[in-house]
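Biologist: I am new to this structure and should like to be guided through it. May we proceed by question and answer?

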Amino acid sequence: MNQTEQEIRQLLQESADILKMNNNDSIRASVRKLIETEMTKAMNFDVANALETSTMDDEEWFGVMDRMTVYISRPFETVNAYDAAFFDIAKEIMGYSLDNIVEMLKKAFFGLKVGDQKRVEEYFDSYSFWGSLNPEENNWTSFENRAKTLKHHIIDFMWLYERFEDYDSKYTLIALIKNWLKLDTNFVSLVKSPYKDYFEPDIFRSNRDDVFVDVGAYVGDSIVDYASIYGAGYKKIYAYEISKESYNALIELSKTGHDIYPINKGVGDHADWLVLEENDSSDSANKLKNEGEGTKVELVTLDDDIKEPVTFIKMDVEGAEYGVLCGARQHIINEKPKLAVCVYHGYDDLWRLPVLIESIRNDYKFYFRHYGGNLIPTEFVLICK
């Protein structure tokens, strides 16, 4: 760490204390401007404009500034054409305003075939975690959310790109960002994994003596894939599912294999009782909410609910992955299980879930794989070994 980085980290710590204790908007703006001025000098680009920091709240702003300090003493390095391609698109994003990005996405949307436009609208209408999209009502919320993630967190995507272990992962991230920025489907079509979701044989070769935890097990489709790839060498499978009908399907599935334990509970970062919110499109997209009418479902943490060591945690829980990880902190610290985490339930999950995992343990190897479609790329997964 060089002197400039140390000085800015110290300023950041002091500014964090001031921002927490002071409600004066003028003082808060001055503190942020001071940090951004020093950061601009160190980074050699206009930080405020590149990230459009004026539209960030204090918590988001502080996190981005803190994570940017890593590039003060160690600039992003491009050693081949793929690195250069990623850095070029990162600089391109920094050069646009939020409004520019939204307008680009609108133009790209209207350039799609009418049938594809309809598919995009229907998808965002069915799955609310991305934000709504209704061009007839001039509602572009999803594109606005996407623009903010790209603009505010391009530094986090730079960190993530460098953090990935292989160029399959890096190229997949390039393809996804190109899609998010321009609705480009060509690159996405080139990076779809040929393997079953979550289970990459180059990364996870076998399941010998696994204690596998499937959070968001649905009807057991991932368990079937897991067994078809690796066989019956696992030790035990815990299958968490909140929907009663899917849970009943898991019970039937458990009769076909050994030591499969269906659990009709939700998983998060604390113990509670929540309400099942059913999705009209698919039971696989059901999730939990804090209040309202409906079926009550118990919420548990993996740290509390599973007392034995675990070796593999897969999670696909419609945006609740952050809480699942927080509630599995001790398992992650103590046992370093393999992780396969869906990072597509909202734009920010792609950067904030790896950042969270890094804060719990910083010695995982990160990989990134895509299993979904090209027009609306979903089913992309962070794999940690």
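The exchange below treats the helices and then the sheets.

Modeller: This is a predicted model, in which local features need pLDDT of at least 70 and side-chain atom pairs count only at pLDDT 80 or more, while totals for chains, interfaces and linings use all residues. Residues are numbered from 1 along each chain as its sequence is written, and side-chain values use heavy atoms, with hydrogens and water left out.

Biologist: Is helix 1 roughly parallel or roughly antiparallel to helix 2?

Modeller: Helices (H or I, at least four residues) and strands (E, at least two) are DSSP runs, numbered from the N terminus. The axes of helix 1 (residues 3–21) and helix 2 (residues 25–43) come within 10 Å and cross at roughly 165°; axes are lines fitted to C-alpha atoms, for helices over the stretch in contact, and angles run from 0 to 180 degrees between N-to-C directions. Angles under 35 degrees count as roughly parallel, over 145 as roughly antiparallel, 65 to 115 as roughly perpendicular and the rest as oblique. Helix 1 is therefore, relative to helix 2, roughly antiparallel.

Biologist: How many nonpolar residues has the contact of helix 1 with helix 2?

Modeller: Contact means heavy atoms within 4.5 Å, and the residues that meet include Ile8, Leu11 and Ser15 of helix 1 and Val31, Leu34 and Ile35 of helix 2. Ala, Val, Leu, Ile, Met, Phe, Trp, Tyr, Cys and Pro count as nonpolar, Asp, Glu, Lys and Arg as charged, and the others, Gly among them, as polar. Besides two polar and two charged residues, the number of nonpolar residues in this contact is 11.

Biologist: Is serine 15 buried or exposed?

Modeller: Serine 15 belongs to helix 1 and touches Val31, Ile35, Trp61 and Phe62, leaving aside residues up to four places away in sequence. Buried means under 20% relative accessible area, exposed over 50%, and partly exposed in between (1.4 Å probe, protein chains only). Because its relative accessibility is 3%, serine 15 counts as buried.

Biologist: Is alanine 81 buried or exposed?

Modeller: Alanine 81 is found in helix 6. With a relative accessible area of 59%, alanine 81 is exposed.

Biologist: How is helix 6 oriented to helix 11, roughly parallel or otherwise?

Modeller: The axes of helix 6 (residues 81–95) and helix 11 (residues 167–182) cross at roughly 30° and come within 10 Å. Among the residues in contact are Phe86 and Ile89 of helix 6, and Tyr171 and Ile174 of helix 11. By class, this contact has 11 nonpolar, no polar and four charged residues. The two helices, helix 6 and helix 11, are therefore roughly parallel.

Biologist: How many residues of helix 10 are buried?

Modeller: Helix 10 covers residues 154–163 and is mostly covered. Its buried residues include Phe157, Trp159 and Arg163. Of its 10 residues, the number buried is nine.

Biologist: What is the order of the strands in the sheet of seven strands?

Modeller: Two strands pair if DSSP finds at least two bridges between them. This sheet is open and its pairing is mixed; the edge strands, which pair on one side only, are strand 3 (260–263) and strand 10 (366–370). From one strand to the next the twist averages 15°. The order is 3-2-1-8-9-11-10.

Biologist: Which residue of strand 8 is the bridge partner of phenylalanine 212?

Modeller: Strand 1 (residues 211–215) and strand 8 (residues 312–315) pair in the parallel sense over four bridges. The partner of phenylalanine 212 in strand 8 is phenylalanine 312.

Biologist: Which are the edge strands of the sheet with the order 4-7-5-6?

Modeller: Four strands form this open sheet, with mixed pairing. Each edge strand pairs on one side only; they are strand 4 (266–267) and strand 6 (287–289).

Biologist: Which residue of strand 7 is the bridge partner of valine 275?

Modeller: Strand 5 (residues 272–277) and strand 7 (residues 296–300) run antiparallel and are joined by four bridges. Aspartate 272 stands opposite leucine 299 in strand 7, and the partner of valine 275 in that strand is lysine 296.

Biologist: Which residue of strand 7 stands opposite valine 267?

Modeller: Strand 4 and strand 7 pair in the parallel sense over two bridges. Opposite valine 267, in strand 7, stands valine 300.
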